[in-house]
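Subject: Structure handover

Hi,

Here is the structure I promised to pass on to you. Please open it alongside this email, and I will go through what turned up.

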Amino acid sequence: MSNNAETRELHRNVRAGNYGQRSYLLSEDSIFSQFKSLYIGFCTMRKALLLFCITILAFWDVSNVKAEDAYKYYTWTVTYGTASPLGQPQQVILINGQFPGPRLDTATNDNIILDLVNKLDLPFLLTWNGIKQRKNSWQDGVVGTNCAVPPNSNYTYKFQTKDQIGSYTYFPSTLMHRAAGGFGALNVYARSVIPVPYAPPAGDFSLLIGDWYKTSHKGLQQILDSGKSLPFPDGLLINGQGRATFSGDQGKTYMFRVSNVGLSTSINFRIQGHKLKLVEVEGSNVVQNVYDSLDVHHGQSSTILVILDQPPKDYYIVADTRFTTTVLTASAILHYTNSQAPVSGPLPPGPPPGIEWSVEQARTFRWNLTSNAARPNPQGSFHYGNITTSRTIVLANSAPIINGKQRYAVNGVSYINADTPLKLADHFNIPGVFSLNSVPSSPSGSGAYLSTAVIGTSLHEFIEVVFQNDENTMQSWHLDGYDFWVVGFGTGQWTQSSRKGYNLVDALTRHTTQVYPNSWTAILASLDNQGMWNLRSAMWGRQYLGQQLYLRVYNPIPSLANECDIPTNVLLCGKAVGRTKIHG
């Protein structure tokens, strides 16, 4: 789009009062560009002020260069190794020799240049769970957007943590690799010029908690390929260990970033004798409620503050599985540096076993309307509840048998990977890879079948999505490229009258939401990020066997203002081999 066209679009939105809406929320660089264009036009009409204009523009240009966002460079080598997370040696996936992988600490708007070297015997990808990849689904790291990195080869990811803060994770998206490791913490800190709604903590801990199997990732894949579901996990880990230790000074406050990196189960997290103040959830600063324990479901992350205000000794940190017949437990140690006694007594009990307690807790998670997040404007300045939705999509999960094998499906469609990433097929206009709207936008009631499921949407749509769970199991759904408002939970079947109970004022935004058994969850999403985006079950066995699809968010007019160009180092595979790596 030309500068004049962009300027006209800006004026139209300002006149319409849309300048505060997420669908037209401009980045700082974009705002700078728009007003610079306006100023150039003003100068053209007022030649007498030309010298003054040149002076101002020069100042702007210098200021823009000085404000350039940081670049951070990494080289990560992926190998196999041996560890004993459940007490017996087994093969794990290491990154730079570490299990779990290195903690990736970044700040808002950092540019990450990360060279991934694959020394495994199978193709490999990492995905950055919760990083929105603004205008850049090329870097999302899932098989629908990227060719996997072949063995003994490398690929350099180039992405930005644009307008984000919070606690996130990364993990392998290929096959069942994440069952062997390769995952880690990814933390995005606020820029120094942006205030946060709490005092700086004395320390900052990342806790990666998840269920674990003694069976290898290849063995688990064989189970799934044979037409069976995953067995129950063998144990639960905190940071890949049976007993980790976290140390702090009495009287000080510490941040705990808790993420569920497991394959199959929800968890509950608590610390013996200490309260948990929830401050941030997946990029949203939230109302700072205090809890005895927190449920964290598959693929989710929560950030809490803990005051070490108890007598100087050691205390249990506890995680256990939720809504399972057999309860798995992992424990770690909170160690006061002036401790005078080891841990003692029984592990602190968890919440009641039913879902009612968890649902009620989830409803207390609220957006902090007066706090900013990554940008100076308050979160509450975007009134999502006043926007009319363009469409409603109802997605029902199921567990059909197809061709004699266990599969998982969405609206009766069980996803199968194409031989070519959908993003490449879309870019090069390669036929026969996928079809738009190849999955119904509501349950059809017809028989289940296999397909490469894609729903077509338009850039800047504002949509309602209902996740309908008619199974007697927990579900968890994740959307790449976005966060969304979780506006409602309910039991039974969702109907249009269910909207009466929506939270249209201060629902938090997040990238992964739980759906309780025989229940529904409703979200609102502003489709302001063009690309091909994976919407999937965060329960990895279900994802592997078909409970996923892709949203194609599209604008037919090519523009770098809407989407980044194809990377010059893009890997080509399938039907894209031999294509020219230039914008079409």
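Let me start with strand S5, residues 126-129. Leu126 and Trp128 point one way from this strand, while Thr127 and Asn129 point the other way, and all of them are buried. Please keep in mind that this is a predicted model. S5 pairs with strand S7 (residues 166-172) over 4 bridges, in the antiparallel sense. If you want a spot to begin looking at this pairing, take Leu126, whose bridge partner in S7 is Pro172.

Next, a sheet further along the chain. It is an open sheet of 5 strands with mixed pairing, in the order S27-S35-S34-S29-S32. Strand S27 (454-458) and strand S32 (512-515) are at its edges; each has a single partner strand, so one side of each has no neighbour in the sheet. On average, neighbouring strands of this sheet are turned by 20° against each other, with direction ignored. For the edge strand S32, the pairing is with strand S29 (residues 475-479), antiparallel and over 4 bridges. Within it, Gln475 has Val515 in S32 as its bridge partner.

Now for a strand with plenty around it. Why can S18 be called largely enclosed by the rest of the structure? Strand S18 covers residues 301-307, and 6 of its 7 residues are buried, which is the reason for that description. Two of its pairings are worth a look. Strand S12 (residues 253-260) runs antiparallel to S18 and pairs with it over 7 bridges, and here Tyr254 stands opposite Val306. Strand S14 (residues 276-281) is also antiparallel to S18, joined to it by 3 bridges. In that case Lys277 is the residue that stands opposite Leu305.

Finally, a single residue that you may like to inspect up close: Arg270, which sits in strand S13 (residues 266-271). Is Arg270 buried or exposed? Its relative accessibility is 5%, and because buried means under 20%, Arg270 counts as buried. Its side chain makes a polar contact with the side chain of Asn268, at 2.8 Å. Setting aside neighbours within four places in sequence, Arg270 is in contact with a list of residues that includes Asp292, Ser293 and Asp320. Also among them are Leu276, Tyr316, Ile317 and Val318, along with Pro348, Pro349 and Gly350.

Happy to go through any of this together once you have had a look.

Best wishes

Definitions and conventions
Residues numbered from 1 in each chain as written. Predicted model: local features only at pLDDT ≥ 70, side-chain atom pairs only at ≥ 80, totals over all residues. Heavy atoms only, no water. Buried < 20%, exposed > 50% of the residue type's maximum accessible area, 1.4 Å probe, protein only. Helix = DSSP H or I, 4+ residues; strand = E, 2+ residues; numbered from the N terminus. Pairing = 2+ DSSP bridges. Axes fitted to C-alpha atoms, helices over the stretch in contact; angles between N-to-C directions. Polar contact = N/O pair within 3.5 Å; in protein donor to acceptor, adjacent residues only side chain to side chain. Contact = heavy atoms within 4.5 Å.
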